[in-house]
Each structure stands twice: as structure tokens, then as C-alpha cells.
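Let's go through a structure in question-and-answer form. Have a look at it first, then we'll check each label against its definition.

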Amino acid sequence: LAKAGAAGTGVTNRDTFLTRIDGLLYGDDPAQGLIEGSTFIHPQLRFAFTAPQGYFMVNGTRAVNIQGQGGGQAQLTGAAYSGDLETYVRQQFAALGGQNSTLAPSEMQRTTVNGLPAVYGIARVNNRNSQVDVVVFAYEFARDSAFHFAAITPAGRAGTFNAMFQSMRRITPAEAGAVVPKKLQVVTVARGDTVASLARRMAYDSAQEERFRVLNALGSSDPLTPGQKVKLVVRAR
């Protein structure tokens, strides 16, 4: 405000702003996959997996990062695939090790996860004053398509992500079609509307009222006024 000087006394065009954002995509774009609670689902690539309890996910354009307080972190991504999962896993270890490293799995196992051919490898690595376990768990989705988790945990805790590795699965066309993005919807508070009644329209299974209050900068006891405009997060269709 000090730098704005006299201009700091201008008009805040709140209603104009709300009109402009009405209908705006909120959260993940389905083209990059969506996080629904502890599950990541990608309607275009047709797969889904579930993060371990106590972990959260961050979705990017090239990878999904899984982090938490339970020790360790993981990432799901893809890479060029020529039809050999063992070679693919070794290539991912080499990529993790960098140009000057010979990082390679000390053991590799072939398995099947929910009908998907899979191979995983494990290596124990010195990390400063401690040791960590590195796991690469790869799945073949087609002869030219594979995805993999790369996970790092404290030594001896490589099993932290086992449930997540085993949760990877294909989704059906019906499941893919049911994935709907979220959008912002601006509504005018009517007589009889309350925070609780409007919050129930939010496209979330939990913490609806808390999300509604944060989204609209409402304190824990702030009421609504008829005629006031507020934002909701709803399903796009």
C-alpha cells in the first residue's frame, strides 16, 4: 500500500473478479490425471493407484510425487520402453544414480500386479552418514508403454510402499468416463442459506465446511448475508 501511494485508494472490483473466475477449472486437469483422496486416477492412460496411509500426493505434468511422515518418498513416472522390463528397471536405476554412478539393483524379481506384468529391483545405497533402500517397481501396460515407481526409504524399510506398488491397476472405460474435473461456481447467497447448507454442495467427501470457509475467507464463526456472492467447488458436470 505504501508503494501504491494514492492508487492504493482505488476500487476493489470483487464482483467483476468473481464473474471472471466463475466456471474456472479447479485443481487437476483430467488430461494429467486427478488425485481423489488417497487415490490417483488417470482417465486417459487408464490406470489408478492408492498412496499409503499418512502420505500425500503432488501431481505434476510428468510425475506424481508421494511424500509423508512415515519415512521415505516415491515418484511415479514413465520413460521410453522397448519391451524388456528388466532392462527398463536397470535403466531407471542408472538414471537415478546420475552420470558418475553405477547404481544398479542388487536383486530383481518378476511378478504380476492385478494382471500387469511387473519387475522390481532393490539396491541399498550409502547416503551421507546413513543407508537408504532404493526401489524401482515397473509395470508394462503395452509392448511400447511402461510406468514405474522410484522409491527411497531408510534402510530396511523398503516395504513401506508395498501396498502402493500392489495397488496399481488398469481402469475400465466406465471408470475413466466417470472421472469429472472440478470447477469454481459463484453463487449468490439466498435467504435461508447457511455456511453448512452451501458447504454440502462442495465436491468433497470430507471437510466441506472447512474448505468452504477457507475458499471464501470466512472466519470460524462468520455468517453469510443474503445477496453476498460466494465460491463453491463443484463437479464440472
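Q: How do you know that the protein isn't a compact globule, going by its radius of gyration?
A: The radius of gyration, taken over C-alpha atoms, is set against a globule rule of 2.2 Å times the number of residues to the power 0.38. For 237 residues a compact globule would come out near 18 Å, but this protein has 23 Å. The C-alpha trace spans about 65 × 50 × 30 Å along its principal axes.

Q: What kind of model is this, and what counts in it?
A: The model is predicted: local features need pLDDT of at least 70, side-chain atom pairs count only at pLDDT 80 or more, and totals for chains, interfaces and linings use all residues. Residues are numbered from 1 along each chain as its sequence is written, and side-chain values use heavy atoms, leaving out hydrogens and water.

Q: What makes a residue buried, and what share of the protein is buried?
A: Buried means under 20% relative accessible area, with a 1.4 Å probe and protein chains only. Buried residues make up 38% of the 237 here.

Q: Why are S13 and S14 called paired strands?
A: Strands are DSSP runs of E, at least two residues long, and two of them pair if DSSP finds at least two bridges between them. S13 (residues 182–188) and S14 have seven bridges, in the antiparallel sense, so they count as paired. One of the bridges joins threonine 188 to lysine 229 in S14.

Q: What makes S1 and S14 edge strands?
A: The open sheet has three strands in the order S1-S13-S14, with antiparallel pairing. S1 (25–26) and S14 (229–235) each pair on one side only, and that makes them the edge strands.

Key
Buried < 20%, exposed > 50% of the residue type's maximum accessible area, 1.4 Å probe, protein only. Helix = DSSP H or I, 4+ residues; strand = E, 2+ residues; numbered from the N terminus.
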